[in-house]
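Me: Could you take a close look with me at the part of this model around the ligand? I would like one connected account of what surrounds it.

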Amino acid sequence: MLPFSVSQVGSGGGGVSGPGLLLLGPAGRKLSGFRLTEKFLLLLVFSGFITLCFGAIFFLPDSPKLLSGVFFQQPLRPVSVGLEDGAEDGGRLARIREEHERALREAKDTLNRHPDDIQGDILRDKELLREHRRTVSGGNLPPREFAAPVGVVGKEPEDPDVKEKRDKIKEMMKFSWDNYKRYAWGLNELKPVQKQGHSSNLFGNIQGATIVDSLDTLYIMGMMDEFKDAKEWVEKNLEFNVNAEVSIFEVNIRFVGGLLSAYYLTGEEIFRRKVVELGEKLLPAFNTPTGIPWALLNIKSGIGRNWPWASGGSSILAEFGTLHLEFTHLTEVSGNPIFAEKVMNIRKVLNRLDKPQGLYPNYLNPSSGQWGQNHVSVGGLGDSFYEYLLKAWLMSSKTDEEAKKMYYDAVQAIETHLIRKSSSGLTYIAEWKGGLLEHKMGHLTCFAGGMFALGADSAPEDKTGHHMELAAEIARTCHESYDRTTTKLGPEAFRFDGGVEAIATRQNEKYYILRPEVIETYLYMWRFTHDPKYRQWGWEAVQALEKNCRVEAGYSGVRDVYAANPSHDDVQQSFFLAETLKYLYLLFSDDDLLPLEHWIFNTEAHPLPIIIDKGKRTI
Ligand code: DMJ
């Protein structure tokens, strides 16, 4: 406890740090009652405390998901920056104008260009897009032949024990879905304790994240009535003409990914129409001097900007590096090359840059094309960039040699500089901050086990076995991070320093928000090795979820995985239905359900078909 309290009172309260702040002593004594040395000491403690708070917020960003998923977990007012809502009242209009100007100011600061020029570019691009539609297909989507997909309906497992487990996972999906439908239908996510909808500001005013994220899981689990309801909702209610800022990354992996998968699984035109409409709305995000997209975009006005906390107006590696698969498929389903061009340009920019020790820093300025702060991570802020290099190579039927080289070079640098072994022999992936190693691994980083396994087969210089070993070691470490907790669920981050191994030491790293990465790695390891321990570990996770996260109306994250009776954060994340339950279901299915020779999963576990012969799918 601090020896004084800081209270926010009206101006002129006699505070020492400006109007509005009044410092009170231990017994509510006014600061003016202290001697000079006492005042000085108090000030010292107070300013130390403030510096610490700022340090924590601005210099320790773990991931865009960490900041957005945790700091912004409470429903926030969406940031609306459009100008033309006639029905708005005066106050709201003024606020919209203010925010519009702020976004433009921030864009101007990063881009160093006049706001009128920025707006001019946005309008010109919109016109070009319309023009393309008019000339190519009279304003409509060109027709597209759909071939039957491979392996989207699996057989029942023969082993009754495996079947029983798989049925249990399907029941979990039904429970999550039914409760979402009952209490939060049409909203983004469910608060399973309060039994109401949850809105994250990541999607602006776009609604229905759980519905779109769940489409393919419902389909492969054979929950056809639920799938029908979901499809009908998409048809009648899914709207993108919203006057609010969205996260390009989140909308891409959940909405674009979810709709693309639904289209490829079913051939239903509604999904193709919707996904192309959404893809076109996202294009203005690339309107920067380098073409490295903004993190945030108002999809109505087309004005973009970056997260205010991201290293001097930088874009984030894991965000702009996790568009490639979906945008390649947007070109595939629309016939418009523009989507693929945008993501190929990101590659070009990255390949022109020097990489410190072969590593990719997490921040890149979209105006100067220069790296920002020296922070490298295979977890939050970096993670799915590496995943998408490998998957771009695989999705191209192994023709995209550039992606292959970038992936294996990056893995080599990661091995040399970030991968370490603890004293008891646990392999982990550390983070690199300004030249120093931080011996911490995030839950998000645990996806890397699956990635190394998936990439092992094509590893150069006979390194297949080595990559598989690495994958197995990461899987083991991540399993340990679960096994060393009371709940048997893993913490958000765990450390290998100060005498601990695979344990979270900071209170704010002990939560679990229904994340999938560890189970994702079990699935890949199972597919490649058929070692029964991976199913056993997956089943441990199911039991832990049932015991700690299942509440009356759905599943919730927990605040402390080391507590015997952890409290709930009251959010049923849409990725729980899209990823965690899907990966579990696949873990207890035969390998011919979504076989890896035909499908790759985007980073939200939405299956996308492998493309052959430039624009011709295998399926
Ligand atoms: C998901 O949205 C995706 O898996 C993303 O790549 C990382 N974060 C969440 C799940 O943890």
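Reply: Happy to: here is a walk around the ligand, with a brief stop at a helix pair afterwards. Please keep in mind that this is a predicted model.

Let's begin with the shell. Eleven residues surround the ligand, and those that come nearest are Arg515, Glu517, Glu579, Thr603 and Glu604. Sorted by class, the shell holds six charged residues, four nonpolar ones and one polar one. Two helices each supply at least two residues of this shell: H8, spanning 248–266, and H19, spanning 574–587.

Now for the polar side chains facing oxygen atoms of the ligand. Glutamate 604 places a polar side-chain atom 2.6 Å from a ligand oxygen. For arginine 515, the distance from a polar side-chain atom to an oxygen of the ligand is 2.7 Å, and for threonine 603 the corresponding distance is 2.8 Å. As for cover, the ligand on its own would expose 290 Å², and the protein buries 98% of that area.

Finally, the helix pair. Helix H5 (residues 160–184) packs with helix H18 (residues 532–548) at an angle of about 40°, and their axes are 12 Å apart. Their crossing is left-handed. From H5, the residues in contact are Val162, Lys165, Lys168, Ile169 and Met172, which meet Arg535, Trp539, Val542, Leu545 and Glu546 of H18. By class, this contact has six nonpolar and four charged residues, with no polar ones.

Terms used: Residues numbered from 1 in each chain as written. Predicted model: local features only at pLDDT ≥ 70, side-chain atom pairs only at ≥ 80, totals over all residues. Heavy atoms only, no water. Near = heavy atom within 4 Å. Polar contact = N/O pair within 3.5 Å; in protein donor to acceptor, adjacent residues only side chain to side chain. Areas by Shrake-Rupley, 256 points an atom, 1.4 Å probe, with all protein chains shown as cover. Helix = DSSP H or I, 4+ residues; strand = E, 2+ residues; numbered from the N terminus. Nonpolar A, V, L, I, M, F, W, Y, C, P; charged D, E, K, R; others polar. Axes fitted to C-alpha atoms, helices over the stretch in contact; angles between N-to-C directions. Left-handed = near helix turned anticlockwise from the far one by under 90°. Contact = heavy atoms within 4.5 Å.
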